[in-house]
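User: I have a model open and want the reasoning behind its labels. Can you take me through it step by step?

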Amino acid sequence: MEIRDAIEADLPAIVEIYNATIPGCMVTGDMEPVSVESRIAWFYQHEPAQRPLWVVEVDGTVAGWLGFQSFYGRPAYQVTAEISLYVAEAYRRQGLGRLLLEQAIAKSPGLGLTTLLGFVFGHNKPSLKLFQSLGFERWGYLPKIAVLNGVERDLVIMGYRVNSPPQPSQSPDYPDP
């Protein structure tokens, strides 16, 4: 088993893993499969030194992937990244998702990140459990924000502070008089 930076030749496997999750309505809000061509620009937005895209290989097969995406697109949020994590069905429940997420946490300081976010559907109990088991906390809850196959679904925002800096003794919301 090896975790490494994704290369363009991995893109068909990455897309296949992603597309396989669409019918189950547990992981993504996409309703139709995406094409490899439609993901090329997305692939190249993943700069290994700042917003990497990793694959985990098992016996030469791409079995899962994890990507970092910039959050909110404004400079002040450069220290925050959203995590996307997908594991091929044949490789689920073998610890690959945990391995990828542990590496994301461990490598975040070197990527200049202080905060990681995961956006997880409320009915995706396995993913919520994985994120919680590694220290992510529920930072937000958006009820009935998505409709998947006619069913309204909630979105849970999971957050993790990487090497949390000391907190000021006084809240910045209440300045000194």
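User: Which residues of α1 are buried?

Analyst: This is a predicted model. In α1, the buried residues are Leu11, Ile14, Val15, Ile17, Tyr18, Asn19 and Thr21. They pack against α2, β2 (53-58), β3 (61-70) and β4 (80-87).

User: What is the overall secondary structure of the protein chain?

Analyst: Four helices and seven strands. Along the sequence, the order is β-α-α-β-β-β-α-β-α-β-β.

User: How do you know whether the radius of gyration of the protein chain agrees with a compact globule?

Analyst: Set the value against the rule. The rule is 2.2 Å times the number of residues to the power 0.38. For 177 residues, that puts a compact globule near 16 Å. The protein chain has 17 Å, so the two agree. The C-alpha trace spans about 60 × 40 × 30 Å along its principal axes.

User: What percentage of the residues of the protein chain count as buried?

Analyst: Of the 177 residues, 44% count as buried. On contacts, take pairs at least 6 apart in sequence: 63% of these join residues at least 24 apart.

User: Why are α3 and α4 called oblique to each other?

Analyst: Two packed helices are described by the angle between their axes and the distance between the axes. Helix α3 covers residues 96-107 and helix α4 covers residues 125-133. Their angle is about 40°, and the axes are 10 Å apart. Roughly parallel needs an angle under 35 degrees, and roughly perpendicular runs from 65 to 115. About 40° falls in neither range, so the pair is oblique. The crossing is right-handed.

User: Which residues make the contact of α3 with α4?

Analyst: From α3, Gly97, Arg98 and Leu101. From α4, Leu130, Phe131 and Ser133. By class, that contact has three nonpolar, two polar and one charged residues.

User: Why does Cys25 count as buried?

Analyst: Buried means under 20% relative accessible area. Cys25 has 10%, so it counts as buried. Cys25 sits in the loop between α1 (11-21) and α2 (40-44).

User: What does Cys25 touch, leaving out residues up to four places away in sequence?

Analyst: Cys25 touches His123, Leu148 and Asn149. Take the pair with Asn149. In sequence, Cys25 and Asn149 are 124 residues apart. In space, their C-alpha atoms are 7.7 Å apart.

User: What makes Asn149 exposed?

Analyst: The cut-off for exposed is over 50%. Asn149 has a relative accessible area of 58%, so it is exposed. Asn149 belongs to the loop between β6 (137-148) and β7 (151-161). Its phi is positive, about 50°, although Asn149 is not a glycine.

User: Where is Arg93 found?

Analyst: In the loop between β4 and α3. Arg93 is another residue other than glycine with a positive phi, near 65°.

User: How do you know whether Arg93 is buried or exposed?

Analyst: Use the cut-offs again: under 20% is buried, over 50% is exposed. The relative accessible area of Arg93 is 78%, so Arg93 is exposed.

User: How do you know whether Val58 is buried or exposed?

Analyst: Its relative accessible area is 17%. The buried cut-off is under 20%, so Val58 is buried. Val58 lies in strand β2.

User: Which residues does Val58 touch, not counting those up to four places away in sequence?

Analyst: Met1, Ala63, Tyr91 and Leu96. Val58 and Leu96 are 38 residues apart along the chain. Their C-alpha atoms are separated by 9.5 Å.

User: Why does Gly118 count as buried?

Analyst: Gly118 has 1% relative accessibility. Buried means under 20%, so Gly118 counts as buried. Gly118 lies in strand β5, residues 115-121.

User: Which residues does Gly118 touch, not counting residues up to four places away in sequence?

Analyst: Gly118 touches Ile83, Phe131, Val156, Ile157 and Met158. Phe131 also takes part in the contact of α3 with α4.

User: What separates the C-alpha atoms of Gly118 and Glu8?

Analyst: The separation is 25 Å in space. Along the chain, Gly118 and Glu8 are 110 residues apart.

Notes
Residues numbered from 1 in each chain as written. Predicted model: local features only at pLDDT ≥ 70, side-chain atom pairs only at ≥ 80, totals over all residues. Heavy atoms only, no water. Axes fitted to C-alpha atoms, helices over the stretch in contact; angles between N-to-C directions. Helix = DSSP H or I, 4+ residues; strand = E, 2+ residues; numbered from the N terminus. Parallel < 35°, antiparallel > 145°, perpendicular 65-115°, else oblique. Left-handed = near helix turned anticlockwise from the far one by under 90°. Contact = heavy atoms within 4.5 Å. Nonpolar A, V, L, I, M, F, W, Y, C, P; charged D, E, K, R; others polar. Buried < 20%, exposed > 50% of the residue type's maximum accessible area, 1.4 Å probe, protein only.
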